[in-house]
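The following exercises concern the interior of a protein and the spaces within it. Each task is followed by a solution in steps.

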Amino acid sequence: MTLLPPDALADRLKSGLLSFPVTHFDADLQFDEARYREHLAWQAGFDVAGLFAAGGTGEGFSLTPEEIDRVVRVAVDEVADRVPVIAPATGGTAVSVAQAQAAEAAGASGLLLFPPYLTEASQRGLVEHISAVCRATDLGVIVYSRANAVLIDTTVAEVAERNPNLIGLKDGVGDIEQMTRTYARVGDRLIYVGGLPTAETFALPLLQLGVTTYSSALYNFLPEFALRFYAAVRAQDRTAVYQMLNDFVLPYLDIRDRAKGYAVSIVKAGLTAVGRDGGRVRPPLADLTEAELAELAALVDKVS
């Protein structure tokens with residue numbers, strides 16, 4: 001796939017389901033390139049609109065900058081001819097700028113800008129942070145609103161006005177009023193990506209607020225189920241959506257909510273449950289217990 005201009009990337013991403021592949025580790029918790037490549041090739045074999053390398057579900061927060069660059073390069077090499085690969089930019093402004101430039105050099109199709117690390121910031125400061133990263137690259141940029149970087153509607157409007165290559169807002173908050181204000185003010189200038197864990201839970205109501213796509217962690221291990229769910233959401237088939245919520249998603253959330261960090265751990269466990277060996281998570285995350293893995297496997301069997 002040739003490099004997509006920001007507007008073309010936006011059109012591609014909003015046309016379908018998005019996902020964040022897990023990052024595989026070996027027994028020593030080092031990056032396992034072979035298993036990661038195998039996973040990406042499987043993921044790219046379905047009708048997914050974009051894959052976000054080394055993101056939240058990909059444990060990007062546990063990777064060194066050098067590892068992030070390697071993971072992105074491997075993803076680009078493996079699947080970028082079929083699916084856009086979106087790279088992360090994390091941490092403070094200088095680190096995020098460097099990662100944005102590295103992502104462009106690696107051949108990524110776009111960038112997801114995560115909140116700055118371990119600091120509070122004003123809306124004015126966030127405008128400058130986002131703008132500095134956008135200026136550093138020609139890639140289309142999606143900004144992730146969550147944690148210490150929750151963007152209000154006027155801020156979103158300002159950064160969209162200042163930065164033509166800002167193409168999207170990923171919402172990790174779920175504030176209905178704020179999303180309504182943002183869409184009312186900014187409209188279709190940006191694409192809106194659902195980023196709450198687990199995104200399927202919120203997909204139908206957020207569709208009414210302009211959130212036309214979302215990042216599905218479930219796609220990692222149940223791609224066909226995740227795509228059926230997405231199709232039901234886009235068709236606003238409430239009966240089908242709530243049937244799938246009851247059959248799988250809500251019981252899955254009951255397991256996920258038992259420990260902090262399980263939103264990532266349960267995805268790797270899901271891969272193991274379907275026979276694809278998700279492996280372990282890196283500290284500070286913790287893996288599911290054997291009993292929880294067995295419970296998840298039984299749940300997966302019902303929808304596989």
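The exercises below treat the annotated residues, the cavities, the largest pocket and the nonpolar cores.

The model is predicted: local features need pLDDT of at least 70, side-chain atom pairs count only at pLDDT 80 or more, and totals for chains, interfaces and linings use all residues. Residues are numbered from 1 along each chain as its sequence is written, and side-chain values use heavy atoms, with hydrogens and water left out.

**Exercise 1.** Locate the residues that UniProt annotates as "active site" and describe their surroundings.

*Step 1.* The unreviewed UniProt entry places this feature at Tyr144 and Lys170; such annotations may be inferred rather than shown by experiment. They span 27 residues in sequence, yet no two of their C-alpha atoms are more than 4.6 Å apart, so they gather at one spot.

*Step 2.* Tyr144 is in strand 5 and Lys170 in strand 6; strands (E, at least two residues) and helices (H or I, at least four) are DSSP runs, numbered from the N terminus.

*Step 3.* Tyr144 has a relative accessible area of 4% and is therefore buried, and Lys170 also counts as buried at 4%. Buried means under 20% relative accessible area, exposed over 50%, and partly exposed in between, with a 1.4 Å probe and protein chains only.

*Step 4.* Beyond four places in sequence, the contacts of Tyr144 include Phe114, Lys170 and Gly195, where contact means heavy atoms within 4.5 Å. With the same exclusion of neighbours within four places, Lys170 is in contact with residues including Phe20, Tyr144 and Ser215.

**Exercise 2.** Characterise the two cavities of 30 Å³ or more.

*Step 1.* On a 1 Å grid over the protein atoms alone, a cavity is a set of points where a 1.4 Å probe fits but cannot get out; lining residues have an atom within 4 Å of a point. Grid points are joined across faces, edges and corners, and a volume is the space filled by probe spheres set on the points.

*Step 2.* The largest cavity holds about 80 Å³. Helix 7 gives the most to its lining, with 3 residues, and the lining comprises 5 nonpolar, 3 polar and 2 charged residues. In these classes, Ala, Val, Leu, Ile, Met, Phe, Trp, Tyr, Cys and Pro count as nonpolar, Asp, Glu, Lys and Arg as charged, and the others, Gly among them, as polar.

*Step 3.* The second largest cavity holds about 50 Å³, and Tyr144 is among its lining residues. Helix 5 gives the most to this lining, with 3 residues. The classes here are 10 nonpolar, 1 polar and no charged residues.

**Exercise 3.** Describe the lining of the largest pocket.

*Step 1.* A pocket is an open set of points with protein on both sides within 12 Å along at least five of seven lines. The largest pocket holds about 1200 Å³.

*Step 2.* Its lining has 42 residues, of which Gly56, Thr57, Phe61, Phe114 and Arg146 lie nearest the centre. Helix 11 supplies the largest share, 3 residues.

*Step 3.* The lining divides into 23 nonpolar, 15 polar and 4 charged residues.

**Exercise 4.** Which residues of the largest nonpolar core touch the most other members?

*Step 1.* A nonpolar core is a set of buried Ala, Val, Leu, Ile, Met, Phe, Trp, Tyr and Cys residues joined through side-chain atoms within 4.5 Å.

*Step 2.* In this core of 92 residues, they are Phe221, Phe225, Phe229, Phe248 and Tyr252. The largest share of the core, 8 residues, comes from helix 10.
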